[in-house]
Amino acid sequence: MTTVSIVSPEDQSVTFVELFFDLVFVFSITQIVGILHHGISLGTVAQAVLVFWLVWWAWTQFTWSLNPANTDHPHIQLATLAATAVAFFMAVSVPEAFEGGALWFAGPYVLVRIIGLVVYMWVSAGDESQSQAVRTFALVSVGGLAAVLIGAVVGGDQLYYFWAVSYTHLTLPTSSVM
């Protein structure tokens, strides 16, 4: 039995599973635009920007984890499909994220990020310096993920503060991981 490497081959092309994952995030963007549908105000723009930033970060972090991964590997495909399903629930919850449904958005958001971090850890396992960089990135990410969950639980105006704080944890220098 031949073992398939979890690390990307040189000539890897995009798979259907990756495109399906991307399509769910396109749906997320349409949901964000829906926040602005009933009127543009400072509040709705702030909501759209906050949710867009989180959705964008979930998508980019997961795609970064797939770049070095062999997307034809069964474990990577399964993780990507799981993240796609979870991201769909995140997308569906976007319209209610600021109207009592913040936890329905934050839970799937955090889970997509965790799945991406796990994939990144699998792929980096063979390279100690890369593995250390991914562990550092994961540790820094915990603060932002916790802020998103705490904001969703406390709700109200505090939600905005916690989700804005999560931004600082998402943008710390992580060049050794990228």
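# Questions around a helical model

Visitor: Leaving aside its neighbours within four places in sequence, which residues is Ser-166 in contact with?
Guide: This is a predicted model, so take what follows as read off predicted coordinates. Ser-166 has its place in helix α6. Skipping the neighbours within four places, the contacts of Ser-166 are Leu-54, Gly-144, Ala-147 and Val-148.

Visitor: Is Ser-166 buried or exposed?
Guide: The cut-off for buried is under 20% relative accessible area. Ser-166 comes in at 0%, so it counts as buried.

Visitor: And which backbone oxygen does the side chain of Ser-166 reach?
Guide: Ser-166 sits in helix α6, and its side chain finds a backbone oxygen at 2.5 Å. That oxygen belongs to Trp-163.

Visitor: Trp-163 rings a bell. Which residues of the largest nonpolar core touch the most other members?
Guide: The core in question has 42 residues. Helices α1, α2 (42–66), α3 (74–93), α4 (102–124), α5 (128–154) and α6 (156–170) each give two or more residues to this core. The members that touch the most others are Phe-25, Val-51, Phe-105, Tyr-109 and Trp-163.

Visitor: Let's take Val-51 from that group. Which residues does Val-51 touch, not counting those up to four places away in sequence?
Guide: Val-51 is among the core residues that touch the most other members. Two others from that group, Phe-105 and Trp-163, also turn up among the contacts of Val-51. With sequence neighbours up to four places away left out, the full set for Val-51 is Ile-32, Ile-35, Val-94, Ala-97, Phe-98, Phe-105 and Trp-163.

Visitor: Why does Phe-25 count as buried?
Guide: Phe-25 lies in helix α1. Beyond four places in sequence, Phe-25 touches Val-55, Ala-58, Trp-59, Ala-87, Met-90 and Val-112. Buried means under 20% relative accessible area. Phe-25 counts as buried because its relative accessibility is 5%.

Visitor: How many Å separate the C-alpha atoms of Phe-25 and Val-86?
Guide: Along the chain, Phe-25 and Val-86 are 61 residues apart. Between their C-alpha atoms, the separation is 11 Å.

Visitor: Is Phe-20 buried or partly exposed?
Guide: Phe-20 is found in helix α1. Partly exposed is the band between the 20% and 50% cut-offs. Phe-20 has a relative accessible area of 37%, so the label is partly exposed.

Visitor: Where does the largest share of the nonpolar patch come from?
Guide: The patch on the surface is formed by Phe-16, Phe-20, Leu-23, Val-26 and Leu-81, with about 510 Å² of accessible area together. Of these, 4 residues come from one element, spanning residues 16–35. That element is helix α1.

Visitor: Which side chain does the side chain of Trp-59 make a polar contact with?
Guide: Trp-59 is found in helix α2 and is partly exposed, at 29% relative accessible area. Leaving aside neighbours within four places, Trp-59 is in contact with Phe-21, Asp-22 and Phe-25. The polar contact, at 2.8 Å, is with the side chain of Asp-22.

Visitor: One more: how many Å apart in space are Val-4 and Asp-72, C-alpha to C-alpha?
Guide: Val-4 is in the segment before α1 and counts as partly exposed at 42% relative accessibility. Beyond four places in sequence, Val-4 is in contact with Asn-70 and His-73. Val-4 and Asp-72 are 68 residues apart in sequence, and their C-alpha separation is 8.8 Å.

Note on methods: Residues numbered from 1 in each chain as written. Predicted model: local features only at pLDDT ≥ 70, side-chain atom pairs only at ≥ 80, totals over all residues. Heavy atoms only, no water. Patch = residues over 30% accessible without salt bridge, like charges linked within 9 Å, V, L, I, M, F, W, Y side chains within 5 Å. Areas by Shrake-Rupley, 256 points an atom, 1.4 Å probe, with all protein chains shown as cover. Salt bridge = Lys/Arg side-chain N within 4 Å of Asp/Glu carboxyl O. Buried < 20%, exposed > 50% of the residue type's maximum accessible area, 1.4 Å probe, protein only. Contact = heavy atoms within 4.5 Å. Core = buried A, V, L, I, M, F, W, Y, C linked by side-chain atoms within 4.5 Å. Polar contact = N/O pair within 3.5 Å; in protein donor to acceptor, adjacent residues only side chain to side chain.
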